[in-house]
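Colleague: Could you take me through one part of this model in detail, beginning at the end of a helix and working back from there?

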Amino acid sequence: MKPEAGARDGTPRDGAAGDAGGGAAAGVPAYADRVRGSLLGGAIGDALGAPVEFDSISTIRAVHGAAGVTDLVHDRHGGLGLVTDDTQMTLFTVEGLIRAHLRSRSTGVGGEEVRIMRNAYLRWLDTQNHRRPPSADDVVRTGRLREEAWLYSRRAPGNACLSGLSTELGPLAAPGAPGPVNPRSKGCGTVMRSAPFGLAAGDPGRAFRLAAECAQITHGHPTGYLAAGAFAALVASLVRGVPLERAVRDSRELLGEQPGHEETSAALRAAVALAAEGDPSPEAVESLGGAWVAEEALAIAVYCALVAGDDMERALLLAVNHSGDSDSTGAVCGNILGAWHGEAALPPRWLSRLEGRTSIVRLADDFVTAFTGGDLPSDAYPGR
Ligand SMILES: [Mg+2]
């Protein structure tokens, strides 16, 4: 595959340029920094929250002290810095987007993204159903990630993600209508895996659309897929260098144009209003819900980023110290903060102990290579 001319300046192509590219202005993270930052930041938030995912705030305080978790802590099996299904699926989203992008670039024909993404998630499902990488090849069990033994760990994957991938995907929903798979499911499994859609498409509207479509691979409730779309649009704006408050406002505007947006819009409205009050606490976080459903997970992550996002450690700790789905809110908040501030802002003491760090960086860099017009080995990223 020939590289596209003039595409190695660090800016994403396909209308994705914005002002995110190349680190042109001093102190402004380059596109590659934001992609790495978002993926690693999400993984850090995931690893911080994972050991307390199913604990109430009173249990968290009893075990870890009045301030709750203030560092990476060991899980019940002695693991430290381990990520969960949130990061695993996010990485497969990255791989699916690379493969879809390279395919459309080489064939000149797009429109295969949802099918290719479903194959990517089937490879993730493969890691959950098998104990180690396969020796045989087939159309689904291909590519680089499925060869990574560390991903073959079950870390409390969501039911709708598992069952949805065992269901054939029919035609996608009309706007605002229930989707074809798990039509009543709006678990946060849609949001927690969807940051890469924003990292890929500089246009927030396209990021929204693609994330919402691919969310329907497993979750059909409109709130489930619209929250994923709003999250991807938010990340897309951040990658273009839009400041967080404006990026949230722009995402809410896009969301408000969608039929069936009301539940997600109400959750984000509450998050923004609460952030304006300041004075963050676990109790304030919990007033936004438990994050087991998509709109609450997004709202809590946005709240934590808005209220404390200049201090990434504080924001991430706020995002995991509550009675709800701590690893997912940590992951989504980390995706946001990393896209906003870039890799250099990630706390080194957490980054250094993060599971899969080398693989995540390599995948992030391959993603940037693909979306800035560069070449990647076709056996690593076959176009399907
Ligand atoms: Mg998880």
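Modeller: In this predicted model, the residue that follows helix H14 is Gly 342, and its phi is positive, near 90°. H14 itself (helices being DSSP runs of H or I with at least four residues, numbered from the N terminus) covers residues 326-341, 16 residues in all. From its first C-alpha to its last the helix reaches 22 Å, close to the 22 Å expected at 1.5 Å a residue, where the expected span is 1.5 Å times one less than the number of residues. H14 is also mostly covered, since 14 of its 16 residues are buried (under 20% relative accessible area, with a 1.4 Å probe and protein chains only).

Asp 327, whose number falls within the range of H14, leads on to the metal site. There the magnesium ion is coordinated by Asp 327 through OD, together with Thr 84 through OG1 and both Asp 85 and Asp 86 through OD, at 2.1 to 2.4 Å; donors are N, O and S atoms within 2.8 Å of the metal (3.2 Å for Na, K and Ca), and water is not among the atoms, so the site may look incomplete. Along the sequence these donor residues are spaced T-D-D-x240-D, and of them Thr 84 and Asp 86 are both buried.

Residues are numbered from 1 along each chain as its sequence is written, and side-chain values use heavy atoms, without hydrogens or water. Local features need pLDDT of at least 70 and side-chain atom pairs count only at pLDDT 80 or more, whereas totals for chains, interfaces and linings use all residues.

How values were computed. Helices (H or I, at least four residues) and strands (E, at least two) are DSSP runs, numbered from the N terminus. Buried means under 20% relative accessible area, exposed over 50%, partly exposed in between (1.4 Å probe, protein chains only).
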